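Got your viewer open? Let's take a walk through this model, one selection at a time.

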Amino acid sequence: MCIRDRSVDTLRVVTCRIMQMFGVEVSLRIIRRGCAPNGNGCVELNISHLKSGLKSVKLTQRGKVRRIRGIAYSCRVAPDLPQRAATSAKGLLLQVLPDVYVISDADMNANKNTGSGYGVVLVAETTSKLAVVSQETIARGREPAEEVGERAAALLFDQIAEGGCVDAHHQLLTILLMGIGPADASTVRFGPLTPSGVSALTLLEQFFGVTSSVKNESSVVGVDEDGEEVLPGTTLITCVGCNIVNIARKSG
């Protein structure tokens with residue numbers, strides 16, 4: 001469930017990748033970091049002119065997690081905090097996967113008006129070239145750095161267990177891009193739908209007239225001795241886009 005904005009690292013590594021999957025050439029560069037609530041960071045966003053509309057997507061097989069990458073970032077706090085968080089997250093992740101790499105990035109040059117804080121962003125890449133699952137945490141007041149890293153790793157495990165090709169934080173964006181894409185069928189496998197994912201389906205139907213097929217499938221792991229699913233089931237969503245195209249033309 002999305003209860004707050006994603007960090008700039010998630011936007012750069014995951015959100016941009018999802019948009020590129022639909023044919024949008026986009027890149028984001030971090031110039032200056034800033035943390036909530038004051039923010040005051042600075043980024044450079046580049047999006048190419050989209051001439052022929054979006055692409056349809058078929059993403060139903062997530063594959064196995066092959067590696068995990070991450071970054072522990074900070075702004076105007078002690079540089080050892082993100083390092084400790086990164087070490088803690090890596091220690092937990094290495095218990096289940098050998099290919100884990102988490103770096104730390106401490107921005108000590110921010111001005112006094114920039115928000116201070118630190119957090120961890122983790123990204124699980126799978127054997128499928130398109131599927132990617134992410135999770136992030138921001139340090140709470142007086143929370144030890146080690147607990148921040150462990151919480152990020154535990155939340156990433158939860159996202160992976162949901163079985164979707166797209167994490168819960170990007171359900172709304174992905175469903176909207178499917179709906180405004182070409183008049184071809186797009187199919188994506190998600191984990192359990194979040195409130196934002198349900199809202200996206202409602203928006204597509206009310207404003208664009210796009211009706212989606214939603215199919216709930218059981219987990220491949222099966223059930224336990226009590227007949228209950230070991231892992232949550234997945235949601236397969238298929239829709240034919242309304243073919244929105246960019247009719248604007250460059251001047252001059």
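Two strands count as paired if DSSP finds at least two bridges between them. Keep that in mind for the first stop, and remember that this is a predicted model.

**Stop 1: strand β6.** Select residues 117–126, which make up β6. How many of the residues of β6 are buried? The count is 10 of the 10, so β6 is largely enclosed by the rest of the structure. In a regular strand, side chains alternate between the two faces of the sheet. Turn on the side chains to see this: Gly117, Gly119, Val121, Val123 and Glu125 point one way from β6, while Tyr118, Val120, Leu122, Ala124 and Thr126 point the other way.

**Stop 2: the neighbours of β6.** Now add β7, residues 132–138. A hairpin of five residues joins β6 to β7, and the two strands pair antiparallel over seven bridges. For one example, pick Val123, whose bridge partner in β7 is Ser134. Next, show β4, residues 65–75. β4 also runs antiparallel to β6, with 10 bridges joining them; here, try Tyr73 and its partner Gly119 in β6.

**Stop 3: Ser7.** Go back to the segment before α1 and click on Ser7. Is Ser7 buried or exposed? Its relative accessible area is 10%, so Ser7 counts as buried. Show what is around Ser7 and you'll find contacts with Tyr73, Val121 and Glu136.

**Stop 4: helix α3.** Select residues 145–161. These 17 residues should span 24 Å at 1.5 Å a residue, and the end C-alpha atoms are 25 Å apart, which agrees. Among the buried residues of α3 are Ala145, Val148, Leu156 and Ile160. Their cover includes β4, α2, β6 and β7. Just after the helix, look for Gly163, which has a positive phi near 85°.

**Stop 5: the cores.** In soluble globular proteins, nonpolar side chains tend to be buried together. The largest nonpolar core here has 32 residues, and Phe22, Leu59, Ile175, Met178, Val188 and Phe190 touch the most other members. Helix α1 gives the largest share of this core, four residues. A second, separate core has 21 residues, including Ala85, Val120, Leu156 and Ile160.

**Last stop: Met178 and α4.** Zoom in on Met178, one of the buried residues of α4. Its contacts include Phe22, Val188, Phe190 and Ile237. Finally, colour α1, β8, α5 and β10, which are among the elements covering the buried residues of α4.

Technical notes. Residues are numbered from 1 along each chain as its sequence is written. This is a predicted model: local features need pLDDT of at least 70, side-chain atom pairs count only at pLDDT 80 or more; totals for chains, interfaces and linings use all residues. Side-chain values use heavy atoms; hydrogens and water are left out. A nonpolar core is a set of buried Ala, Val, Leu, Ile, Met, Phe, Trp, Tyr and Cys residues joined through side-chain atoms within 4.5 Å. Buried means under 20% relative accessible area, exposed over 50%, partly exposed in between (1.4 Å probe, protein chains only). Contact means heavy atoms within 4.5 Å. The expected span of a helix is 1.5 Å times one less than its number of residues. Lists of a residue's contacts leave out its neighbours within four places in sequence.
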